[in-house]
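Let's take a walk through a protein model together. Have a look at the picture below, then read on.

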Amino acid sequence: MPNYKDMETEEGMLLWRECFHKHIELLITYEISVRECQNERAIKLYPIFASIIEDSISLDILAKNYRLNQCYIISRALLERVINFCYLLYSPEDEYESFVAYTKNKAARGLSRKIEIGGQKKVSLEFSGGEYELPQDYRDAVERFTSENGREIPRWTKLNIEKRAVFLDEKSGRNLLLHVLMIYGDASEALHGTLYGTLFHLGTFSPGSIPSDQESLDQHRKNTLSFLYFMGSAAIGVLLFCLKENRVELSEAYTKADSLFKEAAEDSGLAHEARETKV
């Protein structure tokens, strides 16, 4: 019998931490390949790529200090940025243009802010005293994202994150949809300040496996950290795959990332479990 490093053990958690570290190193090492590539969209979306590196490093810092609740929040940002960046590499031109226009819309609206309660303005904020003139493309963007009843349209695409994740899963052979399921809702509750959102990461609401002492709590933490490192590595793998597929010279980086991920999956027993499930 192979001696697997289970994800709920110290060894298993450190195994996935090391895998995640190496994936981050690949992003940093090959960052110039994205910044200086010939793919126009990848170049224009480079700020998102840079923020993915920052999110990955931030997740690593938080995880090392066992800040699990904040790990979920930053993991959601990392996951959503990877999904948006990768989807936009493939998306039709109208979707890409909508994404760009949405940015201009938010920038324009950010210059003049107000909160109304019961139809009455309670607080407002005008930058430069309201004395500025928006460029025409910014005015057009605001109009584009304003509904018939005068409210702001809050999304740049009608394709929700789950459908975008499925699209990328079909391209890459990974499972971003599972990560959306495991992270997105809990991270939202943490952001919204609910009681559930402040307790879920402790395993408080896990029937049959609620931590009851320090040992079981530590085991739960290690398992959670292993999953978060696993998620981060998988997301970076999808990112490199999609860039490679879209004519960015990252074949070497993707091959290394894929090999690291498969090796960690074998050593932790995940690959074995996946094979048994298929059988």
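Start with a word you'll need: a residue is called buried when its relative accessible area is under 20%, and exposed when that value is over 50%. F145 has a relative accessible area of 4%, so F145 counts as buried. Y102 comes in at 17%, so Y102 is buried too.

Before going further, keep in mind that this is a predicted model. The chain averages a pLDDT of 91, and 94% of its residues score at least 70. Among the elements, helix α4 (residues 46-64) has the highest mean pLDDT, at 98, while helix α13 (residues 270-278) has the lowest, at 56. Where pLDDT is low, the predicted coordinates shouldn't be read in detail.

Now back to those two buried residues. The whole structure holds 16 aromatic pairs, and Y102 and F145 make up one that is edge-to-face, with the ring centres 5.2 Å apart and 75 degrees between the planes. Y102 sits in helix α6, whereas F145 is in the loop between α7 (136-144) and α8, so this pair ties together parts that are 43 residues apart in sequence.

Another pair is F230 with F261. The ring centres are 5.4 Å apart and the planes meet at 35 degrees, so this pair counts as tilted. F230 belongs to helix α11 (residues 214-245) and F261 to helix α12 (residues 251-268), which makes this a link between distant parts of the chain, 31 residues apart. F230 is buried, at 16% relative accessible area, and so is F261, at 11%. F261 has a charged partner as well: the charged end of R174 sits over the F261 ring, 4.6 Å from its centre.

Aromatic residues can also be found as a group here: Y87, Y90, F99, W156 and F167 form one cluster. Hold on to W156, as that name comes back in the next stop.

That stop is the second largest pocket, with about 560 Å³ of space. Which residues are closest to its centre? Of the 20 that line this pocket, they are E80, N84, W156, R164 and Y184. Helices α5 (68-90), α6 (93-109) and α8 (161-172) each supply at least two lining residues, and α5 gives the most, with 5. What is the lining made of, in terms of nonpolar, polar and charged residues? The split is 9 nonpolar, 4 polar and 7 charged.

One last detail involves Y184, from that pocket lining: the charged end of R76 sits over the Y184 ring, 3.9 Å from its centre.

Conventions:
Residues numbered from 1 in each chain as written. Predicted model: local features only at pLDDT ≥ 70, side-chain atom pairs only at ≥ 80, totals over all residues. Heavy atoms only, no water. pLDDT = per-residue confidence, 0-100. Helix = DSSP H or I, 4+ residues; strand = E, 2+ residues; numbered from the N terminus. 1 Å grid on protein atoms, 1.4 Å probe; cavity = no way out; pocket = protein on both sides within 12 Å on 5 of 7 lines; lining within 4 Å. Points joined across faces, edges and corners; volume = space filled by probe spheres on them. Nonpolar A, V, L, I, M, F, W, Y, C, P; charged D, E, K, R; others polar. Phe/Tyr/Trp six-rings, centres within 6.5 Å; stacked < 30°, edge-to-face > 60°. Buried < 20%, exposed > 50% of the residue type's maximum accessible area, 1.4 Å probe, protein only. Lys NZ or Arg CZ within 6 Å of the ring centre and 35° of its normal.
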